[in-house]
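Okay, thanks for squeezing me in, everyone. Let me put the structure up, and then I'll talk you through one sheet and the core.

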Amino acid sequence: EGEGVSRVSNWFFGVALSSALCSGACGILDADPGYREYQVLADSISVPESVSVAEPLPIRIFATLGFGCHRVSHFQVQRTGRGVTLVAWGREDTGKGLVCPDSSVIMDETYLVSPPLQSPFQVTYDQPDGTILRETVTIG
């Protein structure tokens with residue numbers, strides 16, 4: 001009888017110890033990274049009508065990212081001599097214990113395209129829904 005009790009208490013001790021050790025370290029193996037990235041659906045893009053040959057070209061991108069812990073993550077850019085194609089990526093932090101604002105997060109980001117630029121210069125923004133926003137800038 002005493003031996004059986006000892007085995008049961010050792011088993012409970014092992015389970016308790018494993019749980020305590022795993023509570024911090026096992027989060028590393030968790031499939032949820034604490035955020036999700038997504039392609040931003042832009043409301044609009046804005047470019048100047050023209051820029052000089054030596055100037056960088058500013059491209060403003062406007063979007064509503066969502067409520068809470070959203071922010072711009074990065075831009076995906078593909079450039080050619082007469083144009084640039086952009087995609088903005090957003091990030092929503094989803095980790096446990098976050099305190100996020102209870103308001104809409106607005107994106108108003110400017111991406112600068114460095115010279116040299118050739119005229120006419122085509123700016124394209126690929127949307128996640130398959131639509132495309134396009135603007136043309138005169139380089140002079």
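So, start with S4 and S7: they pair in the antiparallel sense over 10 bridges. By pairing I mean that DSSP finds at least two bridges between two strands, and strands are DSSP runs of E, at least two residues, numbered from the N terminus. One such bridge links Thr64 to its partner Ile106 in S7.

Quick caveats: this is a predicted model, where local features need pLDDT of at least 70 and side-chain atom pairs count only at pLDDT 80 or more, while totals for chains, interfaces and linings use all residues. Residues are numbered from 1 along each chain as its sequence is written, and side-chain values use heavy atoms, with hydrogens and water left out.

On to S2, which pairs with S4 (residues 57–67), again antiparallel, over three bridges. Here Ser44 sits opposite Phe62, and Ile45 has Ile61 as its bridge partner.

Put together, that's an open, antiparallel sheet of three strands in the order S2-S4-S7. S2 (44–46) and S7 (104–113) are the edges, each with a single partner strand, so one side of each has no neighbour in the sheet.

Now, Ile61 again. Its contacts, meaning heavy atoms within 4.5 Å, include Phe75, Leu86, Met107 and Tyr125, leaving aside residues up to four places away in sequence.

Last bit: which residues touch the most other members of the largest nonpolar core? Among them are Leu57, Ile59, Ile61 and Phe121, out of 23 residues in that core. A core here is a set of buried (under 20% relative accessible area, 1.4 Å probe, protein chains only) Ala, Val, Leu, Ile, Met, Phe, Trp, Tyr and Cys residues joined through side-chain atoms within 4.5 Å. S4 gives the largest share, five residues.

Methods: Helix = DSSP H or I, 4+ residues; strand = E, 2+ residues; numbered from the N terminus. Buried < 20%, exposed > 50% of the residue type's maximum accessible area, 1.4 Å probe, protein only.
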